[in-house]
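User: I'm new to this one. Can you walk me through how the labels on it are earned?

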Amino acid sequence: MTSSRTNSRSPKSGRRLLALALGVGLASAALGTAVPAAAQPATAPSATVGYAHYAGSAENAAANKAFFDAVLKSVAKRQAAHPSLKSVTVYYNAAQAPSFRSQISSAASIWNSSVSNVKLQATSGSADFAYYEGNDSRGSYASTDGHGRGYVFLDYAQNRQYDSVRVAAHETGHVLGLPDHYSGPCSELMSGGGPGPSCTNRYPNANERSRVDQLWAYGLAQAVKELAH
């Protein structure tokens, strides 16, 4: 699993394998059927080679950060327009990842039961980010479409090799602002595929939960303030 990807893509994109093993991928807010440019198909080496090269790379880390920034900005705009909102909700659309709807739902439930300052909610309409599925030698990952929109890509092969809910939960962790930490233990969700396929832990540890709550308590407030200026 790479840091923000799981080998899956939108069927209509020709299946290009973008991978940050257990990473995240965001589609356009409108969540159209077209796959973001970054997730378009491309000829790539074997999944193992592509994944090993991409996981933990500077490109992977940059994609993760761009993804979180895009989601944060989308949510901040809504909060700024509706200051009376007392809860912070991140909306996602899983229409383009039908094979993983159960895993995505489980991942959202895991995070919703783990943190208190932000909640994930499914929608069939416009969303803050989207999930796609397909094939990518780089595995699963989180990225942006180059137009300020984020998406999580889930790779088929990676999800067959690793615990699929862990992959989805890991990639969703990027949505909430967490970076990859492949050298971590299995008990650390963002260690992704580092501990190997035998690791099936699907839950963030105490440090990861605390970090997400901090990011959404202070990071979002700062983003809303910046929009006001």
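Analyst: Sure. Let's start with a definition: a disulfide is a pair of cysteine sulfur atoms within 2.5 Å. In this predicted model, the structure holds one disulfide.

User: What makes Cys-186 and Cys-199 a disulfide?

Analyst: Their sulfur atoms are 2.0 Å apart, and the cut-off is within 2.5 Å, so the pair counts as a disulfide. Both cysteines sit in the loop between α5 and α6 (206-227), so the bond ties together parts that are 13 residues apart in sequence.

User: Why is the disulfide of Cys-186 and Cys-199 called right-handed?

Analyst: Because the torsion about the S-S bond is about 90°.

User: How do you know whether Cys-199 is buried or exposed?

Analyst: Buried means under 20% relative accessible area. Cys-199 has 2%, so Cys-199 is buried. Its partner Cys-186 has 28% relative accessibility, so Cys-186 counts as partly exposed.

User: And what makes α5 largely enclosed by the rest of the structure?

Analyst: 12 of the 12 residues of α5 are buried, which is why the helix is called largely enclosed. Among them are Ser-164, Arg-166, His-170 and Val-175.

User: How do you know that the span of helix α5 agrees with what it should be?

Analyst: The helix covers residues 164-175, and at 1.5 Å a residue those 12 residues should span 16 Å. The end C-alpha atoms are 17 Å apart, so the two values agree.

User: What does Gly-177 do just after α5?

Analyst: Gly-177 takes a positive phi there, of about 105°.

Notes:
Residues numbered from 1 in each chain as written. Predicted model: local features only at pLDDT ≥ 70, side-chain atom pairs only at ≥ 80, totals over all residues. Heavy atoms only, no water. Helix = DSSP H or I, 4+ residues; strand = E, 2+ residues; numbered from the N terminus. Expected span 1.5 Å × (residues − 1). Buried < 20%, exposed > 50% of the residue type's maximum accessible area, 1.4 Å probe, protein only.
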